[in-house]
Amino acid sequence: MEWLSLVITLLTALAASGVAIWQVRTQRVRQVEDFYIARYWSLLDRLSTRTLRGVDAGALDEEEEMPIRLYFRLSEDEADLRAQGWVSDDTWRDWGGAIHAQMHRPPFDRLWAEIRRDSDAGRDYEFRHLRQLWLDAAYDPAPTRTSRQWLRRTPWRRPPTGHRAPAP
């Protein structure tokens with residue numbers, strides 16, 4: 001009878017530990033998502049009404065161009081985080097579709113073409129994920145790691161993101 005009690009206690013402790021790990025992981029994912037949402041809104045605050053409406057009135061000044069360039073880097077980072085398992089399925093469905101749509105609106109589309117040329121010439125990030133999103137609104141860089149890799153993951157031991165450092 002003691003044996004049965006011990007087994008039940010161990011199974012209960014194991015289940016409670018699993019639930020606690022899952023809850024902490026879910027909370028960390030939400031914190032990452034919230035941080036990137038805040039960054040997105042801070043960039044949007046820097047854009048003019050003309051740009052937000054999608055009106056392309058020709059050349060952008062540097063003050064207007066910078067938030068758009070930063071938006072593309074932010075979007076690439078979000079896709080990279082998705083590939084690493086730090087963005088949930090529901091959030092990526094929203095983000096991926098919105099990024100694709102925004103990339104095809106003026107003046108974002110014109111600036112994206114320029115950024116791709118800079119990237120091809122090695123003057124900017126590779127933008128591997130955004131290149132896929134440009135072509136396919138349903139692109140999902142979903143994580144492909146095993147559950148063992150997922151459990152070993154720690155915030156201080158992240159795998160490389162694959163980004164090249166921008167040229168000086």
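Modeller: A salt bridge here is a side-chain nitrogen of Lys or Arg within 4 Å of a carboxyl oxygen of Asp or Glu. By this rule the count comes to ten salt bridges. This is a predicted model, where local features need pLDDT of at least 70, side-chain atom pairs count only at pLDDT 80 or more, and totals for chains, interfaces and linings use all residues. Residues are numbered from 1 along each chain as its sequence is written, and side-chain values use heavy atoms, with hydrogens and water left out.

Colleague: Thanks! What makes Arg73 and Asp124 a salt bridge?

Modeller: Their closest N and O atoms are 2.8 Å apart, and the rule asks for within 4 Å, so the pair counts. The pair links distant parts of the chain, with Arg73 in helix H3 and Asp124 in the loop between H5 and H6, 51 residues apart. Helices are DSSP runs (H or I, at least four residues), numbered from the N terminus.

Colleague: Why is Asp124 called buried?

Modeller: Buried means under 20% relative accessible area, exposed over 50%, and partly exposed in between (1.4 Å probe, protein chains only). Asp124 has 7%, so Asp124 is buried. Its partner Arg73 has 26%, so Arg73 is partly exposed.

Colleague: And what makes Arg82 and Asp140 a pair?

Modeller: The N to O distance is 2.8 Å, so their side chains meet the same rule. Arg82 lies in helix H3 and Asp140 in the loop between H6 and helix H7, 58 residues apart. Arg82 is buried because its relative accessible area is 3%, whereas Asp140, at 35%, is partly exposed.

Colleague: How do you know that Arg30 and Glu33 are paired, and where do they lie?

Modeller: The closest N and O atoms are 2.7 Å apart, so they form a salt bridge. Both lie in helix H1, three residues apart, about one turn of the helix. At 3% Glu33 counts as buried, and at 38% Arg30 is partly exposed.

Colleague: Why is Leu14 called exposed?

Modeller: Leu14 has 61% relative accessibility, so Leu14 counts as exposed. Leu14 lies in helix H1.

Colleague: What makes the largest nonpolar core a core?

Modeller: The term means a set of buried Ala, Val, Leu, Ile, Met, Phe, Trp, Tyr and Cys residues joined through side-chain atoms within 4.5 Å. The largest such set has 28 residues, and Phe72, Ile99 and Leu130 have the most contacts inside it. Its largest share, six residues, comes from H3.

Definitions and conventions
Helix = DSSP H or I, 4+ residues; strand = E, 2+ residues; numbered from the N terminus.
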